[in-house]
Amino acid sequence: MTQLFLSLGGNLGNTREIFEGAYPLIEKKIGKISVYSSIYQTQAWGPIPQADFLNQVLLVSTSLNPQACLTEMLAIEKEFGRERKERWGPRTIDLDLIQYGSILSYSDELLLPHPRAHERRFVIEPWHEID
């Protein structure tokens, strides 16, 4: 089993309910959630004016490889109505693989550890809380 850190974010709909609905899917499709950070409210950033986000980081144990995790994460996002219309736009849920054990990945589809996690307070604070 490998431990990974997964971040959740969202600002469309009832984000807390969406997160609660995503937890069982994460456990079914990716692996056991062992630690949940608190949920943080943060201002949206980027060029599109929008509502604040709620963000959280989870520690998950998985037997999947990183690419399979990414595939399942995208499927979970889709299940909750995630539409990728514009970069940094509003969304029902956003799942990001922040770190997957000690694996480094530089593929076009998956960069590990997440290349901008250290720049994002909404990732760093909840991650620090549980790690």
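Contact here means that heavy atoms lie within 4.5 Å of each other. The structure described is a predicted model, and each value below was computed from it.

## Overall make-up

The protein holds 3 helices and 7 strands, and from the N terminus on these elements follow the order β-α-β-β-β-α-β-β-β-α. Of its 131 residues, 44% are buried. When contacts between residues at least 6 apart in sequence are considered, 69% of them join residues at least 24 apart.

## Helix α1 and its surroundings

Helix α1 covers residues 15-29, and because each of its 15 residues should add 1.5 Å, the expected span is 21 Å, which agrees with the 20 Å that separates its end C-alpha atoms. The buried residues of α1 are Thr15, Ile18, Phe19, Ala22, Tyr23, Leu25 and Ile26. An α-helix has 3.6 residues a turn, so residues three or four places apart point the same way. The cover over the buried residues of α1 includes the strands β1 (2-10), β2 (31-36) and β4 (53-62), together with helix α2 (66-79).

The pairing of α1 with α2 can be described in more detail. Their axes come within 10 Å and cross at roughly 150°; since an angle over 145 degrees counts as roughly antiparallel, the two helices α1 and α2 are therefore roughly antiparallel to each other. The crossing of α1 and α2 is right-handed. On the α1 side the contact is made by Ala22, Leu25, Ile26 and Lys29, and on the α2 side by Glu72, Ala75, Ile76 and Glu79. Ala22, Leu25 and Ile26 also appear among the buried residues of α1.

## Residues of the loops and of strand β3

Two residues from separate loops meet in the model. Asparagine 11 is placed in the loop between β1 and α1, while arginine 91 belongs to the loop between α2 and β5 (94-100). Asparagine 11 counts as buried because its relative accessibility is 9%, under the 20% limit for that class. Arginine 91 is likewise buried, with a relative accessible area of 11%. Leaving aside residues up to four places away in sequence, arginine 91 touches Gly10, Asn11, Leu12, Phe53 and Arg82; on the same basis, asparagine 11 is in contact with Gln50, Ala51, Asp52, Phe53, Pro90 and Arg91. Phe53 is thus among the contacts of both residues.

Glycine 13 also lies in the loop between β1 and α1, but glycine 13 is exposed, with a relative accessible area of 72%. Although glycine 13 and isoleucine 93 are 80 residues apart in sequence, their C-alpha atoms are 9.3 Å apart in space.

Glutamine 41 has its place in strand β3 (residues 40-42) and is exposed, with a relative accessible area of 54%. Outside its neighbours up to four places away in sequence, glutamine 41 touches Asp52, Phe53, Leu54 and Arg121. The C-alpha atoms of glutamine 41 and glutamine 56, which are 15 residues apart along the chain, are separated by 9.1 Å.

Serine 37 is found in the loop between β2 and β3, where serine 37 is buried at a relative accessible area of 5%. Its C-alpha atom is separated by 5.4 Å from that of proline 126, a residue 89 places further along the chain. Proline 126 is also one of the residues that serine 37 touches, a group made up of Gln56, Val57, Pro126, Glu129 and Ile130 when residues up to four places away in sequence are not counted.

## Polar contacts

Three of the residues described above take part in polar contacts through their side chains, and the table lists the partner and the distance for each.

| Residue | Partner | Distance |
|---|---|---|
| Arginine 91, side chain | Aspartate 94, side chain | 3.3 Å |
| Glutamine 41, side chain | Aspartate 52, side chain | 2.9 Å |
| Asparagine 11, side chain | Alanine 51, backbone oxygen | 3.0 Å |

Aspartate 52, the polar partner of glutamine 41, is also in contact with asparagine 11. Alanine 51, whose backbone oxygen is reached by the side chain of asparagine 11, is likewise listed among the contacts of asparagine 11.

Notes: Residues numbered from 1 in each chain as written. Predicted model: local features only at pLDDT ≥ 70, side-chain atom pairs only at ≥ 80, totals over all residues. Heavy atoms only, no water. Helix = DSSP H or I, 4+ residues; strand = E, 2+ residues; numbered from the N terminus. Expected span 1.5 Å × (residues − 1). Buried < 20%, exposed > 50% of the residue type's maximum accessible area, 1.4 Å probe, protein only. Polar contact = N/O pair within 3.5 Å; in protein donor to acceptor, adjacent residues only side chain to side chain. Axes fitted to C-alpha atoms, helices over the stretch in contact; angles between N-to-C directions. Parallel < 35°, antiparallel > 145°, perpendicular 65-115°, else oblique. Left-handed = near helix turned anticlockwise from the far one by under 90°.
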